Amino acid sequence: MPADPRPPRADSVRNRASLLAAAEIEFAQRGSETSIADIARRAGVAKGTVFRHFATKEDLITAVVGAHFSRLTVAAQQRWDAQDPGTALWEFLAEAGESLQRQDVAFLQATGESDAAVAAVLVELRAAVEVLVDRARTHEAIRADVTGADVLMMLCAAVHTAGLQPDAPAGLWRRYLVIVIDGLSPAGATPLPELMPR
């Protein structure tokens with residue numbers, strides 16, 4: 001059957017946006033155990049409306065997580081031409097950390113590993129961050145032996161570690177991020193051990 005050429009109705013667009021926003025909150029709080037009914041309730045729509053937009057719960061998870069990583073990719077790309085590459089990288093890490101701390105990092109990572117569409121978005125994110133890191137290295141704003149993958153891993157570690165602390169004060173992840181940023185400095189850096197193949 002050919003695709004319907006008509007643009008989506010305004011209420012349909014609103015419902016989809018509400019569903020994605022509600023799902024993002026629910027998945028952040030409960031991970032994949034979240035029910036479609038909980039998401040529909042938070043979005044203020046009927047359960048059937050969810051399935052009109054997303055055939056399965058897995059499709060909804062893919063949409064939410066993919067959109068999250070896509071926003072981070074755009075945030076990195078927007079800083080590619082910054083005059084101060086070091087500041088651009090720090091600003092990105094702060095924005096990404098702010099975004100990640102509202103999510104279940106383990107849930108995001110697990111979805112990226114299990115879904116091909118999300119994995120493809122993650123490839124784009126890593127490439128975008130690598131450009132930021134490469135420019136920062138070229139301008140000697142960070143140590144020469146750090147990669148984009150290193151930076152993303154340390155960012156996730158800072159946010160995830162803060163989230164594991166019982167009764168953690170708000171913004172604890174920012175303390176850890178400052179330590180990470182200081183560790184990226186070229187001043188007095190100890191050479192990193194070489195990575196060995198598995």
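## A walk through a nine-helix chain

Let us start at Trp80, which lies in the loop between H4 and H5; helices here are DSSP runs of H or I with at least four residues, strands are runs of E with at least two, and both are numbered from the N terminus. The model is a predicted one, in which local features need pLDDT of at least 70 and side-chain atom pairs count only at pLDDT 80 or more, while totals for chains, interfaces and linings use all residues. Residues are numbered from 1 along each chain as its sequence is written, and side-chain values use heavy atoms, with hydrogens and water left out.

Is Trp80 buried or exposed? Its relative accessibility is 30%, so Trp80 counts as partly exposed; buried means under 20% relative accessible area, exposed means over 50%, and partly exposed falls in between, with a 1.4 Å probe and protein chains only. Setting aside residues up to four places away in sequence, Trp80 touches Ala128, Val131, Leu132 and Arg135, where a contact means heavy atoms within 4.5 Å. From the C-alpha atom of Trp80 to that of Leu164 the separation is 32 Å, with these positions 84 residues apart along the chain.

Arg79 also has its place in the loop between H4 and H5. With 15% relative accessibility, Arg79 counts as buried. Its contacts, again leaving out residues up to four places away in sequence, are Ala88, Glu91, Phe92, Glu95, Leu132 and Arg135. Follow Phe92 next: with that same exclusion of residues up to four places away in sequence, Phe92 touches Leu72, Ala75, Ala76, Arg79, Leu125, Val129 and Leu132.

Phe92 brings us to the core. The largest nonpolar core has 52 residues, and those with the most contacts inside it are Phe27, Leu60, Phe69, Leu89, Phe92 and Leu93. Such a core is a set of buried Ala, Val, Leu, Ile, Met, Phe, Trp, Tyr and Cys residues joined through side-chain atoms within 4.5 Å. At least two residues of this core come from each of H1 (10–30), H2 (36–43), H4 (57–77), H5 (85–100), H6 (105–114), H7, H8 and H9 (172–183).

In H1, the buried residues are Leu19, Ala22, Ala23, Glu24, Glu26 and Phe27. The 21 residues of H1 should span 30 Å at 1.5 Å a residue, and the end C-alpha atoms are indeed 30 Å apart; the expected span is 1.5 Å times one less than the number of residues. Just after H1, Gly31 takes a positive phi of about 65°.

Now turn to H7 (residues 116–138) and H8 (residues 148–164), which pack at an angle of about 105° with their axes 8 Å apart. These two helices are therefore roughly perpendicular to each other, a label that covers angles of 65 to 115 degrees. H7 contributes Arg126, Val129, Glu130 and Val133 to the contact, and H8 contributes Gly148, Ala149, Val151 and Leu152.

In the loop between H7 and H8 sits Glu140, which has a positive phi of about 55° although it is not a glycine. Most residues other than glycine have a negative phi. Glu140 is exposed, with a relative accessible area of 65%.

Stepping back, the chain has 9 helices and 0 strands. Its C-alpha atoms fill a box of roughly 60 × 45 × 35 Å, taken along the principal axes. Of the 198 residues in the chain, 36% are buried.

How values were computed: Axes are lines fitted to C-alpha atoms, for helices over the stretch in contact, and angles run from 0 to 180 degrees between N-to-C directions. Angles under 35 degrees count as roughly parallel, over 145 as roughly antiparallel, 65 to 115 as roughly perpendicular and the rest as oblique.
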